[in-house]
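Subject: Structure handover

Hi,

Here is the structure I promised to pass on to you. My notes follow below it, and I hope they save you some time.

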Amino acid sequence: MPTTDTACETASMWPGKPRKELFTRLLAQADILLESYVPGTMERKWGLTHDVLMSINPRLIHASVTGFGRDNAYSQVASYDMSLQAMS
């Protein structure tokens, strides 16, 4: 543990079915959830809608980052560095 007054912990995982319980326990203690899946993945695959996230942790700040945005022809395409460079 850091000896300073502020500590930063980061957990990175793919919350598949076996890990969903662990993921929700981490969310209960988290300040921020930053995810970069294809839009709707958290809701469709794991049932983690905004309402569910807020019931787990009402203080949670949820940020979603996408490579192609939420509402266009490429929104359901996963973005990777090489594919983004190829398109630019």
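A word on terms to begin with: a residue is called buried under 20% relative accessible area, exposed over 50%, and partly exposed in between, using a 1.4 Å probe and protein chains only. By that rule, 22% of the 88 residues in the chain are buried.

Please keep in mind that this is a predicted model, where local features need pLDDT of at least 70, side-chain atom pairs count only at pLDDT 80 or more, and totals for chains, interfaces and linings use all residues. Residues are numbered from 1 along each chain as its sequence is written, and side-chain values use heavy atoms, with hydrogens and water left out.

On confidence, pLDDT is the predictor's own score for each residue, from 0 to 100. The chain average is 79, and 80% of the residues reach at least 70. Residues 1-7 have pLDDT below 50, and beyond near neighbours in sequence that stretch has two contacts in the model; contact here means heavy atoms within 4.5 Å.

Now the layout. The chain has four helices and two strands, in the order α-β-α-α-β-α along the sequence. These are DSSP runs numbered from the N terminus, with helices being H or I of at least four residues and strands E of at least two. Of these elements, helix H3 (residues 50-56) has the highest mean pLDDT, 95, and helix H4 (residues 81-87) the lowest, 77. Among contacts between residues at least 6 apart in sequence, 60% join residues at least 24 apart.

The strands come next. E1 (residues 32-35) and E2 (residues 61-64) pair in the parallel sense over four bridges; pairing requires that DSSP finds at least two bridges between two strands. Glu35 stands opposite Ser64 in E2. Which residues of E1 point to the buried face? They are Leu33 and Glu35, while Ile32 and Leu34 point to the other face and are not buried. In a regular strand, side chains alternate between the two faces of the sheet.

Leu33 also belongs to the largest nonpolar core, which has ten residues: Phe23, Leu27, Ala30, Leu33, Tyr37, Met42, Trp46, Leu48, Leu53 and Leu60. Helix H1 (20-29) and helix H2 (41-46) each supply at least two residues of this core. Such a core is a set of buried Ala, Val, Leu, Ile, Met, Phe, Trp, Tyr and Cys residues joined through side-chain atoms within 4.5 Å.

One core member to click on is Met42: leaving aside neighbours within four places in sequence, Met42 is in contact with Phe23, Leu33, Glu35, Tyr37, Gly47 and Leu48. Gly47 sits in the loop between H2 and H3 and counts as partly exposed because its relative accessible area is 34%. With the neighbours within four places set aside, Gly47 is in contact with Met42 and Val52.

Thr41 is in helix H2 and counts as buried because its relative accessibility is 9%. The Thr41 side chain reaches the backbone oxygen of Val38 at 2.7 Å.

Finally, Tyr74 lies in the loop between E2 and H4. Tyr74 has a relative accessible area of 44%, so this residue is partly exposed. Leaving aside neighbours within four places in sequence, Tyr74 is in contact with Phe68 and Met87.

Happy browsing!

Best wishes

Conventions. Polar contact = N/O pair within 3.5 Å; in protein donor to acceptor, adjacent residues only side chain to side chain.
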